[in-house]
Amino acid sequence: MIRPLSTEVYPAKPLEEFRHDISEPPHIGPSLDGAVVLSAPPVGEHSLTVILPVISSTLSSLDVNLAPFLVSTNTVYEVSVICPDTLVSETRRRLRFILSKAPHEHPKVSLYPWTGLMNHHQASLAAVSGSKTDWVLLLDEFAFQEVTGCDRDYLVNPRALQLPAGPRGLAGSSCNSSQLLPPGRLQAAAYLIPPFVAQSSLLVGVPLPSPSASVWAAVGEHIAHSRPDMTGGLVIGPDTFDQTSCDMKVETEITFSDDGIDENEDRRDDDIQVNSVSVPAYEEGFFALAFPRKEDLRKFAPVACNLHRRGYTLSAFLYDTTDADIDFPSALKGRGCTIPYFQRSNEILNFSDWLDSLTSVPDIVIGLDHQDFVSATFSLTLERPPYLNITLIRLPRSELPHTEWMGTLTLRELRHWNVPEITISVITNDRLHSLQRLLTSVQSTLFYGDKITLRINMEQTCDSETMHLVQDFEWDHGDVFIHHRVIHGGLLPAVVESWYPHCNNSYGLLLEDDVELSPLSYAWVKMALLRYRYGGESPSSNLFGISLYQQKIIELRPEGRRPFNARTLFHSSFLAHPTTPYLSQIPCSWGALFFPSHWREFHDYLSLRLSQHTLPISAIVVPGVRSNKWTKSWKKYFIELVYLRGYVMLYPNYEDFVSFSTNHLEVGSHVKHEPGDEYERKKQSFLLPLMPLSDASSDDARGPSLLDFPKGTLPNWRDLPVLDLMGSVSSMEAIQQRGGERRAVLSECSGVASLPSSIRDLFCHIPL
């Protein structure tokens, strides 16, 4: 029950008398057009009442929530602040203080407490009957904190429409699974969720639903039943506004709370940090989220909100939660994002029932990888029509807080989630401590539910302790293969023969044993692989791999090793984004993913090169590089291939050289014993800080994070800077031309077309 407190009316300072005199609102039919909305007259002067609910968790932000309305306005007549009985005293005290600092002229502010067991959604709807105006603006407990600038402008200066209008609406009904409609365009909805504007008369007759039913779904159903088009509201978009363009940015910090939250409960556990990302053009796509509990959905919310802001449709099913568990099943909400969810009920008993109830077939289903009575049916359900083309992504519960990067990927990229097959290949000899450190870091890496094959390659000279460590090693992410050479081969064959692709979606992550990985190394690899190998923009065949290691030294200059800083180089070269990842011709041997076609070509090239059929082994292929002296290194020959072809590798570029792998530069095939001080000095020049897991519970997160890219997402292929073997800024055209010219000199032939990933045109040689 809502009851006014006559002593709690804070009058305007002052506003003159007014009358409501508006024409009949225009009819909005099934064919929606922004021009129709723009042609509707504005609501009358002082004809809008704002209803703002206050609960315990938002009382402290009452000043922020009230601020947009404490201004001179021709539209708003009254701001009705409603709160539970238990908060009246504190709300009154805060209101008096806020209004004492308010501008001279603002609308009347009134305080109305509610009693009984109703929640703030029911109380907001009940408060409409007490309004004295023809129109109401219904807010949620966050007011305009979650609303973009253009949407705010419309809500406080609305048009006189027959339907409720606001920025957030859903398709479906309370007895059916709903999908959150994507933002950015005018569209019909089954119902809206606050904030939205409506005629008061539309809402007065709506029966208050029980606490287990959605208030706003009931409002939409009530309105839709009176209309031939069965529309319950209008979702506004940029085409609704007079502006030619709208600022659709959202706040960087997003907090989420459940609609059914205990109003005396502290919200601090619900705070979630979300990186700011660029918002691309509207994209079609439907994501279905199936999690056991609300807490799982909350942890995944940053990804869901990023996807929603980019125009994708969302729906969620909490299958280990029943009607009795939630007072008000509706949505997780944040600034600029509301995620509708439905729990198991008599109508929706399992995953199959939920999918069948959706208004369209999802493109992607995301759930947990653990087996329970519902998730065990995921794959089986998706093996029958009409669900055969759905991509199923299954994530470990423990890794949900570290999935933010997934929200930056496109529908096309996420549709290829299960396509790449990545093998980790470890190369070791007799460095027990080094191998143990590497395997520990590999075990600590997040693999996001992917099956990863692990190959451990031991040299003939490896010691017994190393063999015991390998034999006792347990791997939970896929198959393990152990290889032991019977004849000593050295580092060149140990690396080159450690992995070979079995198909064009097979990739090798090669790790020598003095490398150590970041827990987010696989996230970087997977994100970059999906973007640049499976995204809509083809990167051509010149990308041969992805480095985990960030370059700090250029080793190939003839004068010797030189310090290198990509950010400094890009800044001095006046690049628009010095913090961008980049492409380099230098292959990385301290943790890198290699692509199948290029690795096969390298095998062929190395066989040809070592055979000396076309060139003597002492021939200089790449002029003026130090690697010409690395006679026992596989990198010498890979650099030759890269130079002749114009190939490139993707490198990270984070602040302070934060990297996804580091090199401990331990004594071995290519690192010799040196005096202690000299060795430590050299070691420090290669040792890099590893990218840590982000701590979502910390407000003092410092240092780089995975999504520290320009605009918060991996750049387009064409925007990546290109560096040559000397670490100088170049271009794809320049390095390809340089390689082609060198091939012509070495082979004394010309006019041979380049065949991607084939050695047939190198040196005009046609292998048998």
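How many helices and how many strands are there in the protein chain?

**View 1. Overview of the protein chain in the predicted model.** The protein chain holds 20 helices and 35 strands, and buried residues make up 58% of its 768 residues. Among the contacts with a separation of 6 or more, 82% are accounted for by residues 24 or more positions apart. The chain exposes about 31100 Å², of which carbon and sulfur atoms supply 51%.

**View 2. Strand E11 and its pairing with strand E5.** Strand E5 (residues 135-138) pairs with E11 in the antiparallel sense over four bridges, and within this pairing Leu137 has Val197 of E11 as its bridge partner. Val197 and Gln199 point one way from E11 (residues 196-199), while Phe196 and Ala198 point the other way, and all of these residues are buried.

**View 3. The open sheet of 10 strands.** The strands follow the order E24-E23-E22-E25-E31-E27-E32-E30-E34-E35, with mixed pairing. Strand E24 (480-484) and strand E35 (729-730) stand at the edges, and because each has a single partner strand, one side of each is left without a neighbour in the sheet. At the E35 edge, two bridges join this strand to strand E34 (residues 722-723) in an antiparallel arrangement, with Val729 of E35 serving as the bridge partner of Leu723.

**View 4. Helices H15 and H17 lying across strands of the sheet.** Helix H15 (residues 521-534) lies across strands E22 (421-428), E25 (506-512), E27 (543-547), E31 (592-594) and E32 (648-651), and runs at about 160 degrees to E27. Helix H17 (residues 596-611) lies across E25, E27 and E31, running at about 65 degrees to E25.

Conventions: Residues numbered from 1 in each chain as written. Predicted model: local features only at pLDDT ≥ 70, side-chain atom pairs only at ≥ 80, totals over all residues. Heavy atoms only, no water. Buried < 20%, exposed > 50% of the residue type's maximum accessible area, 1.4 Å probe, protein only. Pairing = 2+ DSSP bridges. Contact = heavy atoms within 4.5 Å. Axes fitted to C-alpha atoms, helices over the stretch in contact; angles between N-to-C directions. Areas by Shrake-Rupley, 256 points an atom, 1.4 Å probe, with all protein chains shown as cover.
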